[in-house]
Amino acid sequence: MGKTKHTGPIKLPSRPDPKLWVSKMPFGLGKVKPHHIRDTLKVMAENRDNLPYAFRILTQGVCDGCALGVSGLYDQTLAGPHVCTTRLNLLRLNTMPAIKPDVLHADIDELRKMDSAALRKLGRLPYPLIRRKGERRFSRLSWDEALDMIASRIRAIDPKQLAFYLTARGITNESYYAAAKVARFLGTNNIDNASRICHSPSKTALKRSVGIGASSCNYKDWIGTDVLVFWGSVAANNQPVSTKYMYAAKRKGTRIVVINPYREPAMDGYWVPSIPESALFGTRIADDFYQVNIGGDIAFMHGIMKHWFDMEAARPGSAIDHAFVREHADGYEALRDHVLRQDWALLERSSGLSRARMAEFAELLAAAKSGVFVWSMGLTQHRFGTDNISQVANLALLRGFLGREHCGLMPIRGHSGVQGSGEMGADPFSLPGGEFKGADIPRIENVWGFPLPKWQGDIVGVTLENAQLPDEHERKLKLFYTSGGNFLETMPDPDYVRASLESIDIRVHQDIVLNTSTLADAREAVIVLPAMTRYEQPGGGTSTSTERMVYFSPEIDGPRIEEARAEWQIYCDLAARVDPERAKLVTYKNAHALRAEIALAAPNYDGVQLLKHRGDVFQWGGAWLCEGGVCPTKNGRGQLLPIELPELRKPEGHFYITSRRGKQFNSMIYSNTDPFNAADRYDVLMHPNDGAKHDIREGDAIVLYNSCGAFHGRAKFASIAAGNLELYWPECNALLPKKVYEPYAGIPEYNTAVVMERADTYHALKDTRYVEKRIAELDQEWDDAEEPSSTVPVDDRKRNPR
């Protein structure tokens, strides 16, 4: 924990800087770019029936979009108002009226004709619903009927056959905490959250490398650092307000570098709507792009360190901060020996970058006196995601970029409040303020007043697999309780996921809207419970930003969905019905009483009990974790780790694919056209040379396929590293392998190898078993390339990937 406190927002320069302009043409006319003014007017039109309430949400509430942490229109980084189209697009979820009864109770096949975007637009869930096996439509339930039915079934099954899952959009720390407590109160450790499929490797890697589970620094540290590196992160698209911080950094002379297979237009230049100069002429953001192969980041970082050690041999102290390493890190000799054994030819082949380019970046970092490394799912969503992040930590430790101003390690979060999910214990490996192990277990038992189940809970991917176990199996999933989320659109292999969802006896969907997974069948019944938004929660709620700011979001006056309830209250009411004799252990007078207990259970959150009014905020851990280089590890030192190079052999004619986001928030899509490159949702981004090799012209119909499935799309040429393809998510999920998890953090694999062919060739040769033969070849080649630790074998039922 650091002692230095955050110093609050700073002002932007008042004079423009034409050197940073993208174009002298006002508002980027003629450019492919987001149309912020048009989008804002569209949002106003959508919310015209509730404009006063929408305005109060924007000006009084904490943003329920990404985790930058904007309270009202202001944050702790920059003075002045902030607003972005992501937040505006989410606004309608909070202001919609209830779904009309004739639509809500229509035949299930009529509802199934709609995608999730259309289902969202129907409106809010008005009251509890049930659809039993064989029934064609949802029926209305009372809250008592719904909760008593769920409670009765929970009492009848083994706790290992019960699981909870919480998504991230809009969920508060209070709801995460109540769910974590209630799950253990009911005897199950099967509870997981959205972090499992986005940033779980970040926490796991940071814990083992430097002893922390969150960002070590602040957004303010971007502004004035020598070099700001975005690794597999398109912050301009996924966290749009961050472009304002990038603008401020550029004005301070910070050099911004992007490591990504695709030269992301959003990181090349951006029109920041809340800065007049940028709104008019745009801002050049990235100074350079290093277009690595998909999965080639570890090799690239090996190349950086290998060049550093060569520099050290020629001139000691020219690349490594020896004083910092000597005082604050272990493992230097082992790491150096490991890196020096790496072969340059292999590093070039794996990374996709030349030795000269790796040396160039290495020298840039070596000359920098400060640096901040920011990353997102481009690093985490791999079967070696934890190793990716530990490799980033290696770079920071070798340069001393930790625990001081303008330095740090930042896993930038894409969902408001998701940072708090594990910190509140809504995770099979976590408890409030600690881990599900050692002294933390008796500590929490003392706070909660009941014994915890001692068996290891499952990650959500394994939970879904458990749905297809035999009925007599002790881990057969029989009741699945989800707060938001749509696994049909977020997990690999949607057909397998649907089969899993429909193999569960009772599914409970606690949500504010319908989505496609809500409409899937169940063996006995699907129960739907209407939840409040964070802005409706009595007594307000809190959320934790990427930089560990705990914000209070007040209850905001406005229209209400009459039967919707606060999520934390639903959990506590259910638990009390399951075990009335112990009901007092899970009963709270109000949200303030719940926050008072959070302060006791999670020591870092001491102070949350004082948050009561709009604008209240505190930062746990101080301005910098590992301040002065002292890490919260057993010996106070960071650990330099030799990371093995993943084998990424790619046979001729095969490609690696990865997913990208367009105009969307998580899996919620707001436009079929990407505002940054005009691509359609079924366009496949590829290098022009790759198209030429396969006789593919831009716009041609193509098919990508492997043993998981096939994807029909169209070729779109782009500035992407050759041999790599980018597809939009979740449309590409049919190509992704199921049951493949990162061995330490349990994140699913979201990258894979495919064959690409023209559509006419694919269909013409399909009857000759040509396609089947190519798939068999691909499977063999891919299996040969896999490392033994890269998957979690189904038969092993691996429970603890960390």
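Colleague: Which residue of strand S28 does Arg660 stand opposite?
Modeller: This is a predicted model. Arg660 belongs to strand S22, residues 654-660, which pairs with S28. Across from Arg660 in S28 stands Tyr728.

Colleague: In what sense do S22 and S28 pair, and over how many bridges?
Modeller: Strands of a sheet pair through backbone hydrogen bonds, and the pairing may be parallel or antiparallel. For S22 and S28 the sense is parallel. The number of bridges between S22 and S28 is 5.

Colleague: Why is strand S28 said to be largely enclosed by the rest of the structure?
Modeller: Look at its faces. Asn724, Glu726 and Tyr728 are buried on one side of S28, and Leu725 and Leu727 are buried on the other. Buried here means under 20% relative accessible area. S28 spans residues 724-728 and is largely enclosed because its buried residues number 5 of the 5.

Colleague: What is the strand order in the open sheet of 7 strands?
Modeller: The pairing in this sheet is mixed. Its edge strands, S2 (139-140) and S4, each pair on one side only. Read across, the order is S2-S1-S17-S16-S15-S3-S4.

Colleague: Is strand S17 enclosed or open, and how many of its residues are buried?
Modeller: S17 covers residues 525-530. One side carries buried Ala525, Ile527 and Leu529, and the other carries buried Val526, Val528 and Pro530. S17 is therefore largely enclosed, with a buried count of 6 of the 6.

Colleague: Which residue stands opposite Ile527 of S17?
Modeller: In the sheet order, S1 sits beside S17. S1, residues 129-132, runs antiparallel to S17, with 4 bridges between them. Opposite Ile527 stands Ile130.

Colleague: Which residue stands opposite Leu529 of S17?
Modeller: S16, residues 506-511, also pairs with S17. That pairing is parallel and has 6 bridges. Leu529 faces Gln510.

Colleague: How many residues of strand S3 are buried?
Modeller: S3 runs over residues 162-166 and is mostly covered. On one side Leu162, Phe164 and Leu166 are buried, and on the other Ala163 and Tyr165 are buried. The buried count for S3 is 5 of its 5.

Colleague: Which residue is the bridge partner of Leu166 in S4?
Modeller: S3 has a partner strand in S15, residues 479-483, joined by 5 parallel bridges. There, Leu166 stands opposite Ser483. S3 also runs parallel to S4, residues 191-193, over 3 bridges. In S4, Leu166 is paired with Asn193.

Colleague: What is the radius of gyration of the protein chain?
Modeller: The chain has 30 helices and 29 strands. For its 802 residues the globule rule gives 28 Å, and the chain's value is close to that, so the chain is as compact as a globular protein of that length. Its C-alpha atoms fill a box of roughly 75 × 70 × 55 Å along the principal axes. The radius of gyration is 25 Å.

Colleague: What share of the contacts between residues at least 6 apart join residues at least 24 apart in sequence?
Modeller: Take burial beforehand: 65% of the 802 residues count as buried. Now the contacts, meaning heavy atoms within 4.5 Å. Among those between residues at least 6 apart, the share joining residues at least 24 apart is 78%.

Colleague: How far apart are the mean positions of the positive and negative charges?
Modeller: The chain exposes about 28200 Å², of which carbon and sulfur atoms supply 52%. It carries 100 positive and 98 negative charges. Their mean positions are separated by 4 Å.

Methods
Residues are numbered from 1 along each chain as its sequence is written. This is a predicted model: local features need pLDDT of at least 70, side-chain atom pairs count only at pLDDT 80 or more; totals for chains, interfaces and linings use all residues. Side-chain values use heavy atoms; hydrogens and water are left out. Buried means under 20% relative accessible area, exposed over 50%, partly exposed in between (1.4 Å probe, protein chains only). Helices (H or I, at least four residues) and strands (E, at least two) are DSSP runs, numbered from the N terminus. Two strands pair if DSSP finds at least two bridges between them. The radius of gyration is taken over C-alpha atoms; the globule rule is 2.2 Å times the number of residues to the power 0.38. Accessible areas come from the Shrake-Rupley method with a 1.4 Å probe; for residues, only the protein chains shown count as cover. Lys and Arg count as positive and Asp and Glu as negative; His and the chain ends are not counted. The place of a charge is taken as NZ of Lys, CZ of Arg, CG of Asp or CD of Glu.
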